[in-house]
Amino acid sequence: MLIKRPRPGDSARIQASEITPESAYVSRRELLGAALALGIGAAGMGFSLRADAATTPLKFSRNARLSLQEEPNSYEDITTYNNFYEFGTGKGDPVANSGKFKPTPWSVKVSGEAEITGTFTLEDVLKGHALEERVYRLRCVEAWSMVIPWIGIPLAAVLKRFKPTSNARYVAFETVHRPAEMPGQRSNVLKWPYVEGLRIDEAMHPLTILAVGLYGKTLPNQNGAPLRLIVPWKYGFKGIKSIVGIRFTEREPPTSWNISAPDEYGFYANVNPTVDHPRWSQARERQIGAGFLSARVPTQMFNGYEKEVAQLYRGMDLRRYY
Ligand SMILES: Nc1nc2c(c(=O)[nH]1)N[C@H]1C(S)=C(S)[C@@H](COP(=O)(O)O)O[C@H]1N2
Ligand SMILES: [Mo]
């Protein structure tokens, strides 16, 4: 079996998503009572309810073949320890500051080197694609990692529908710009909007997905609601959140972290334990939630997908193209 233990907080989450705001107080007290009876920490319960306020259950099938056989991190870890600078630079800022963000209704502007371009609702973008769950490890460039049961669709399936032309050598992505709802965008910590990009063959690789959910439900705001990118052999910052723009380009597009610190963050950002960040080693990673002291374990080449993706970079000097 893939998931070796019940997912913490599962039953509480489903109830929390179905109750009205009026009944929330009573239900929360009941849940806390039940949690205390079971010996679950009340603080943890509180987090899980707050993080879940706006998510809804999804229908999906599990893609066991493309999933890690590892136990996912807890919902609490995944939704309270985030990088999403639009909501602040601290790991706890996204969950604390994203309550006002409105991920519905949502639309995505498709432009550039494709036969079909225009603005599409999220429902249009997803129409006809069956959602699947894939358990991937997110390896942050800060040398920590988490295992996350994402729900999404292969990016290739979405992109092919727009019929990219032969000039489409790259795909550029853009996050929504809403300073009124995203307090981090009122500071200059990064140049807004956040932008990312992939080479077209990376974008079309079967491991690359557009995620709309995790742990069986729609994405919480702090994880990039309602639509974000996941490229499991690259550092986490390539996984751009809350996407409103997809552009097919002939030239390599600019990317936020490369603009911010070009010597530290390249366009490719492939997980590579042999190429250190200029200020720290990438040889090992801290696995969040792995026991009392988070374990430090060796980082794998391409985050464990060497067999699947190494051919994309054949002949390239990975020290130069970091
Ligand atoms: N728009 C946007 N996307 C973003 C970021 C960000 O600050 N803004 N942070 C990135 C980084 S550094 C990481 S590690 C992952 C974290 O995703 P998670 O919080 O869902 O684990 O999101 C990436 N996507
Ligand atoms: Mo990251």
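Hi everyone! Before we look around, one bit of vocabulary: helices (H or I, at least four residues) and strands (E, at least two) are DSSP runs, numbered from the N terminus. Keep in mind that this is a predicted model, where local features need pLDDT of at least 70, side-chain atom pairs count only at pLDDT 80 or more, and totals for chains, interfaces and linings use all residues. Residues are numbered from 1 along each chain as its sequence is written, chains are lettered from A and ligands numbered from 1 in the order in which they are written, and side-chain values use heavy atoms, with hydrogens and water left out.

Now, the backbone. Most residues other than glycine have a negative phi, and most peptide bonds are trans. Let's visit some spots that differ from that pattern.

We start with the prolines. Going from T104 to P105, the peptide bond is cis, with omega near -10°. You'll find P105 in the loop between α5 (93-97) and β2 (107-112). Further along, A225 and P226 are also joined by a cis peptide bond, and here omega is about -5°. P226 sits in the loop that runs between β9 (217-218) and β10 (228-230).

Next, phi. S242 is not a glycine, yet its phi is positive, about 45°. Its home is the loop between β10 and β11 (243-249). Is S242 buried or exposed? S242 is buried, at a relative accessible area of 0%; buried means under 20%, exposed over 50%, and partly exposed in between, using a 1.4 Å probe and protein chains only.

Finally, F302, another non-glycine, has a positive phi of about 50°. Look for F302 in the loop between β13 (296-298) and α10 (306-309). With a relative accessible area of 3%, F302 is buried too. Thanks for listening!
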